[in-house]
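Q: Could you take a close look at the internal cavities in this model and walk me through what lines them?

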Amino acid sequence: MAKLPTPQMLVSSRPAFPDKAWLDTKPEFAPGSYCYPAKKETMELLHMPNPHDWDPAAEDWNLPDNWEKILCDAFEERLEKHRSLKLFMDICVRCGACADKCHFFLGTNDPKNMPVLRAELLRSLYRRDHAMLGRLLGKRVGARSWDKNVVKELFYYAYQCTECRRCSLFCPYGIDTAEITAIVRELLHEVGLGIHWIMDPVKNCSFTGNHLGIQPHSFKEIVEMLADDCETVTGIRPKTPFNEKGHEILFITPSGDVFADPGIYTFMGYLLLFHELDLDYTFSTYASEGGNFGSFTTFNMAKKLNAKMYAEAERLGVKWILGGECGHMWRVINQYMATYNGPAPSNMQTPVSPYTGTVFANAASTKMVHIAEFTADLIHHGKLNLDPSRNDHIITTFHDSCNPARAMGLLDEPRYVLKAVCNNFVEMPENTIREQTFCCGAGSGLNTEEIMELRMRSGMPRGNALRYVQQKFGVNHMACVCAIDRATLPPLANYWAPGVTVSGLHELVANALVMKGEAKRTMDLRQEDLPNVTDDDDAAQAQGEGQ
Amino acid sequence: MKAIAVFRNHKEELVRLWTEAVFNTYPFETTGFLRTKKDPFGNPVADMTREAAAALYDAVAGENVDIETTRNALDRFIKLRAVQKFTPSQGLGVFSLMKPLLRKHVMPELVIQKKLADYLEAESRLDSLTLLAFDLYVKDREVLAQSRITEIRNQYAQLARWAQKLNAASPLAVDDE
Ligand code: SF4
Ligand code: SF4
């Protein structure tokens, strides 16, 4: 009789880590754990270096012949250019404070997903050429040479980091592994390695303005359909000003909110709020994407895509830019915009709220205000008529999106707004929110369906905290201020805490907003019946009509 | 002594041993962290595993727990195993790791007390629980597959509505009926 393996034998075939030193263990490209590669044509159109066809699962990645020289030179150049990178390479003391802070590590239990080891993948190469001991002692001090497997490994782990920066919060030196990942991705692009779900939106944003590449006239029509839906719900059709010169404000938000469920409801929320305020603003079809997929590839690409905002602000002659609920858009604006594209055009001024007179001095340099700040200020000054009881059927929690939380400190404004429009608000556990927030698991261009399995792993710490408040406090909703979150959190919630719905902040604002001349609200922006509507008013009205 | 009392005496030890056996399915470098850090949100894998271990043992021992409670306690752990980088047999095989532990630590005592039948019943309960876990596992994988489809649809939802509207307005539109 054939001998069957025992359960212990089956289960114990754990990765070969104990056998080999961690630096020698090779990643395994199993389906579900890597993203599809960028298309050669896309890379060519964007003038990216060394475009070629390749498959992550294949043995040979068809790297250019002189790949090693390209990478060494590119690394050298980045070390010259970014003093922070050199510092990050030199000063890590391997204290391990960051090790268990990464959601990828917590979800995968892969040691190389510890931020310190993720960075070590690059640092080992740095040591060989740039550190005295490494040059002399090589492998004994953790130095190693470039080889094709090292390239594969860099790719594997650079796309298992969402550049969320949670780890840097715990590092005594402030080493920002997200920046290291960003550099590794840049280096990989030098030899033609990129992923489809990032490069395709980059291409579309480059050529047509939005991430799906929808032509301007169609984009406008789609927005107008959303205005029609607003009318169905409220009886009021908000205006949709496009590419108009001479307004005070240019409004820019991620285009995901125009195309994707449930982001569109947040977009309807903007339309209704602006209509109620009679805001002096315009959209632009050219700068119709606030999200910057370029920032997931190279600094130059990020700069190029971001430049549209100021270019359009100048052309349209606006005083300042109001920005929608987005994540990495705000990281780029607050961390890099001044260096990339600054100073702001001379027609722009420090933003001032036209309704409250509040000067947004924090935006004196960028001239861009986050809509959560803007709305919080309106509510604080009593400028909005709100009926939070319309949201009484939800018990909501708030997911701090990594970038607004950790790159701009936007922690209290969204909560202030949320509490004003919802009567039931519950926080998730302390070490999973605010600065310590856990990533949705799929930021930085990893929100693609082929790695859904990986995303459920990396999003597990967030899903786990959500599940806790669902079971303990009956939470049935999670609000957020990021378009990628609105795409990534619904499947995450559906897996880890089924029954919890996800929305942007301004969807809830508009649901609670009592507008001048509106029809009685019987449904929310999703056109679902409001459960707490009483028939009294209807009956009274019907009676009145009858008489 | 009743069989269940023997099981209860061994609970703490077996829950610990099984939890460690599960931790040992992860790379060597990470087991120390799993074992030592107790925060349920800072170390969720360990928290899920411990919750599952206790529930599994109680159900195997024949404690008076209803199936829903057990299912809820195992649910989170199985969701985890279903998306981690394991083959299905490795993902669920951890349930079978309870058997050698029971045979080593509980069975001898029950044999001496001539309660082998009680012991075998416990093993049968473990088999049933493994089947229950199998159902949960398959459901989780189905949710995962469905999520991929739903996500693609959601990404283009408004675009699809717009296209439908265009199609309806077009003079070339064909009537479906
Ligand atoms: S930036 Fe985020 S994803 Fe990347 S290593 Fe740090 S914690 Fe992990
Ligand atoms: S916390 Fe900072 S210094 Fe410590 S290991 Fe991590 S990156 Fe290095």
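A: Let's fix one convention before we start: Ala, Val, Leu, Ile, Met, Phe, Trp, Tyr, Cys and Pro count as nonpolar, Asp, Glu, Lys and Arg as charged, and the others, Gly among them, as polar. Keep in mind too that this is a predicted model.

With that in hand, here's the big one. The largest cavity holds about 340 Å³ of space. Its lining is made up of 31 residues, and the ones closest to its centre are Glu163(A), Phe296(A), His328(A), Arg331(A) and Asn403(A). As for the elements involved, those that give two or more residues to this lining are α10 (177-190), α15 (299-316), α16 (328-341), α18 (402-408) and α22 (483-496) of chain A. Of these, α16(A) gives the most, with five residues. Sorted by the convention above, the lining of the largest cavity splits into 15 nonpolar, eleven polar and five charged residues.

Where does the largest cavity sit relative to the domains? Domain 1 (23-194) and domain 2 (202-512) of chain A both give residues to its lining, so the largest cavity lies between them.

Now for the runner-up. The second largest cavity has about 230 Å³ of space. It is lined by 21 residues, with His211(A), Gly256(A), Asn447(A), Ala483(A) and Ala487(A) closest to its centre. Two or more residues of this lining come from each of α13 (256-259) and α22 of chain A, and α22(A) gives the most, with four residues. So α22(A) turns up again here, having also given two or more residues to the lining of the largest cavity. The breakdown for the second largest cavity is ten nonpolar, seven polar and four charged residues.

One of those central residues, His211(A), is worth zooming in on. His211(A) is in the loop between α11 (196-207) and α12 (216-234) of chain A. Its relative accessibility is 9%, and because buried means under 20%, His211(A) counts as buried. The side chain of His211(A) also makes a polar contact with the side chain of Ser255(A), at 2.8 Å. Leaving out residues up to four places away in sequence, His211(A) touches Trp197(A), Pro201(A), Asn204(A), Cys205(A), Ser255(A), Gly256(A), Phe259(A) and Glu289(A). Gly256(A), on that contact list, is another of the residues closest to the centre of the second largest cavity.

For the overall tally, the count comes to eight cavities of 30 Å³ or more.

Technical notes:
Residues are numbered from 1 along each chain as its sequence is written. Chains are lettered from A and ligands numbered from 1 in the order in which they are written. This is a predicted model: local features need pLDDT of at least 70, side-chain atom pairs count only at pLDDT 80 or more; totals for chains, interfaces and linings use all residues. Side-chain values use heavy atoms; hydrogens and water are left out. On a 1 Å grid over the protein atoms alone, a cavity is a set of points where a 1.4 Å probe fits but cannot get out, and a pocket is an open set with protein on both sides within 12 Å along at least five of seven lines; lining residues have an atom within 4 Å of a point. Grid points are joined across faces, edges and corners, and a volume is the space filled by probe spheres set on the points. Domain bounds come from an automatic or database domain assignment. Buried means under 20% relative accessible area, exposed over 50%, partly exposed in between (1.4 Å probe, protein chains only). A polar contact is a pair of N or O atoms within 3.5 Å; within protein, one must be able to donate a hydrogen and the other to accept it, and residues adjacent in sequence count only if both atoms are side-chain atoms. Contact means heavy atoms within 4.5 Å.
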